Amino acid sequence: MEMAGSSRMIIATTVLLLVLCHQQYGGVQLNVVASASVIDMVTTSDGESTLKPNAKTDANAIIRAAFNSTIVYTRLAFLTDTFGPRFSGTSALESALDWIKDEAENGDGFSVKEQTVMVPVWVRGKEYANLISPRHKSMRVLGLGGSVGTNGHPIQAKVLVVSSFDDLEKHKLNVSGKIVVYNEEFVSYSETADYRYFGASRAQQYGAVAALIRSISPFGLQTPHTGSSEPTTIPAMAITLEDAQMFARMQARGQDVEIELYMEAHTLPDSPSRNLILEIEGSRFPDEYVVVGGHTDSWDIADGAIDDGGGAFVSWEALRLIKSSGLKPDRTIRAVLFVNEENGAKGGQQYASDYSYTLSKTSIALESDTGTFTPDGISFLGSSKARKILKYIGKELLAGIGSGNVSGEGVGEDIYYMCETGVPSDLFRGVCRYHHTDADTIDKISPEQLQHSAATLGVWIYSIANLPELLPR
């Protein structure tokens, strides 16, 4: 999951279709992007006439099939254990995509389309940072994606700690020649991520030689979180919450803080990769679509079980459940396993470009990209009429497993480019403790949570595909 907060950039917020709630977080939601025809649906005030007579029976079939399997965990564990981090431009990602394609075709009987995508190639290289004064300490750090290196030699400079962009502005005359440390408070992921993306470029304007960003998370165990940063000519690193707070305390006491850092980060020419597209053709309206997906790539230091192997695999599983249950949707249901969400969103852009002719007939686009814990429902961005229909579907078909709620609004990075054309969207939240770290591993998720997520997703997309009309925009 790569978000940027209030600015649009390539990310916005992340679209998902179920709302999940992690045991450690309480209620968590997943957002959906829904798009619909300009023709109003003929429904009763509560959406009753939208469901087919056998809708409940079909939903229960999907749910039963999901809870009688642990295939998502088995597949996700194999992916993360065997291929490890799947960063754009690496052979590990391409090998993982080969395996996914083979498994979906030979294991599930899907015909998988490969959509070529040119992706950026950023190489981390060796990196380190040390506190030099007022004491010596080896720091836990991660260079930010897109950062430059230190030109072959360490940078050593005094530190200026700021708590916000406003604080940086107040002290701009003291920035030149220093390493700026952002010790921003975590508010929300979308808002606080602005510091990671724009922090270095803001500091560079006033003559900083490097920027160190407090990791974007409400909680830390000396774990730095990487992520993308706006390209600049100064190096940018993520540091732990604990170190950022310590540097702020030192500065408040009047102690001089000095840091040495080294980075070999560099960017290579773009490389070809691919989106993988699985599809169940519609029996009545094959040229109208419901799209669901997650992304297959991860950061170079993360196995990416949560962000976003789980999201990609429950999207895949949702289609498998529908297919294996012998159900025939009215509209075509498409699972897109996007590439390069983390440091470019090129997969989402390429899909929206190549399939632009389908977007006016895409009823809803859903992206799962903030974890696959226990689902609660969907966070939906779209028209009030569409929201009413979705609330009715959730109440009638998913209340029994606790995942039929519809609330909030959001836009996902991969489906943002579909949303620009009018396709509504959804968001799933709740992974900030682990995402973009080497702690993003399969042990954080249970087989039951994955199947619950897939069941919820399967019911949503199948029931939406069978509505009498496209969702109203």
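The paragraphs below walk through this predicted model, from its overall make-up to its sheets, cores and aromatic groups.

Let us begin with the chain as a whole. Its secondary structure comprises 11 helices and 18 strands. Of its 473 residues, 62% count as buried. If you consider contacts between residues at least 6 apart in sequence, 83% of them join residues at least 24 apart.

A good place to look next is the open sheet of eight strands. Going across, the order is β5-β4-β11-β7-β8-β9-β10-β6, and the pairing is mixed. The edges are β5 (137-138) and β6 (141-143), each of which pairs on one side only. As a general reminder, strands of a sheet pair through backbone hydrogen bonds, either parallel or antiparallel.

Follow the order from β8 towards β6 and you can see how the mixture arises. Strand β8 (residues 179-182) runs parallel to strand β9 (residues 210-214), with four bridges joining them; here Tyr-182 has Ile-213 of β9 as its bridge partner. Between β9 and β10 the pairing is again in the parallel sense, over four bridges, and Ile-213 finds its bridge partner in Ala-238 of β10. Ile-213 is thus a handy landmark, being a bridge partner of Tyr-182 and of Ala-238. The step from β10 to the edge strand β6 is antiparallel, with three bridges, and there Gly-143 is matched with Met-237 in β10.

Strand β10 (residues 236-239) deserves a closer look. In a regular strand the side chains alternate between the two faces of the sheet. Here Ala-236 and Ala-238 point one way, Met-237 and Ile-239 point the other, and all are buried. Ile-239 also appears in a separate core of 26 residues, which includes Ile-155, Val-257 and Ala-265 as well.

That core is the second one in the model; the largest nonpolar core has 69 residues. In soluble globular proteins, nonpolar side chains tend to be buried together. The residues with the most contacts inside the largest core are Leu-278, Phe-313, Leu-319, Leu-390, Ile-393, Ile-461 and Ile-464. Take Ile-393 as an example: beyond its neighbours within four places in sequence, Ile-393 is in contact with Leu-51, Leu-398, Trp-460, Ser-463, Ile-464 and Leu-467.

The helix α9 (residues 384-397) leads us to another strand pair. The chain passes from β16 through α9 to β17, in a β-α-β crossover that is right-handed. Strand β16 (residues 374-381) and strand β17 (residues 405-407) pair in the parallel sense over three bridges, and Ser-379 has Ser-407 in β17 as its bridge partner.

Phe-313, already met in the largest core, opens the aromatic part of the tour. There are 16 aromatic pairs in total. Phe-313 and Trp-316 make up one that is edge-to-face, at 5.0 Å centre to centre with 75° between the planes. Both residues belong to helix α7 (residues 305-324), where they are three residues apart, about one turn of the helix, and both are buried. The pair is also part of a wider group, since Phe-78, Phe-83, Trp-99, Phe-313 and Trp-316 form one aromatic cluster.

Which pair is tilted, with 40° between the planes? That is Tyr-355 with Tyr-357, at 6.1 Å centre to centre. How do their surroundings compare, buried or exposed? Tyr-355 is buried because its relative accessible area is 12%, under the 20% limit. Tyr-357 counts as exposed because its relative accessibility is 59%, over the 50% limit. Tyr-355 has a charged companion too: Arg-334 lies over the face of its ring, at 4.6 Å from the ring centre. A second arginine of this kind is Arg-433, which lies over the face of Phe-219 at 4.6 Å from the ring centre.

Our last stop is Thr-358, in the loop between α8 (346-354) and β15 (362-367). Is Thr-358 buried or exposed? Thr-358 is buried, because its relative accessible area is 2%. Leaving aside neighbours within four places in sequence, its contacts are Tyr-289 and Tyr-351. The chain also brings together residues from farther along the sequence here: Thr-358 and Asp-287 are 71 residues apart along the chain, yet their C-alpha atoms are separated by 7.5 Å.

Technical notes. Residues are numbered from 1 along each chain as its sequence is written. This is a predicted model: local features need pLDDT of at least 70, side-chain atom pairs count only at pLDDT 80 or more; totals for chains, interfaces and linings use all residues. Side-chain values use heavy atoms; hydrogens and water are left out. Rings of Phe, Tyr and Trp (its six-membered ring) pair if their centres lie within 6.5 Å; planes under 30 degrees apart count as stacked, over 60 as edge-to-face and the rest as tilted. Helices (H or I, at least four residues) and strands (E, at least two) are DSSP runs, numbered from the N terminus. Buried means under 20% relative accessible area, exposed over 50%, partly exposed in between (1.4 Å probe, protein chains only). A charge sits over a ring if NZ of Lys or CZ of Arg is within 6 Å of the ring centre and within 35 degrees of the ring normal. Two strands pair if DSSP finds at least two bridges between them. A crossover is right-handed if, with the strands pointing away from the viewer, the path from the first strand over the helix to the second runs clockwise. Contact means heavy atoms within 4.5 Å. A nonpolar core is a set of buried Ala, Val, Leu, Ile, Met, Phe, Trp, Tyr and Cys residues joined through side-chain atoms within 4.5 Å.
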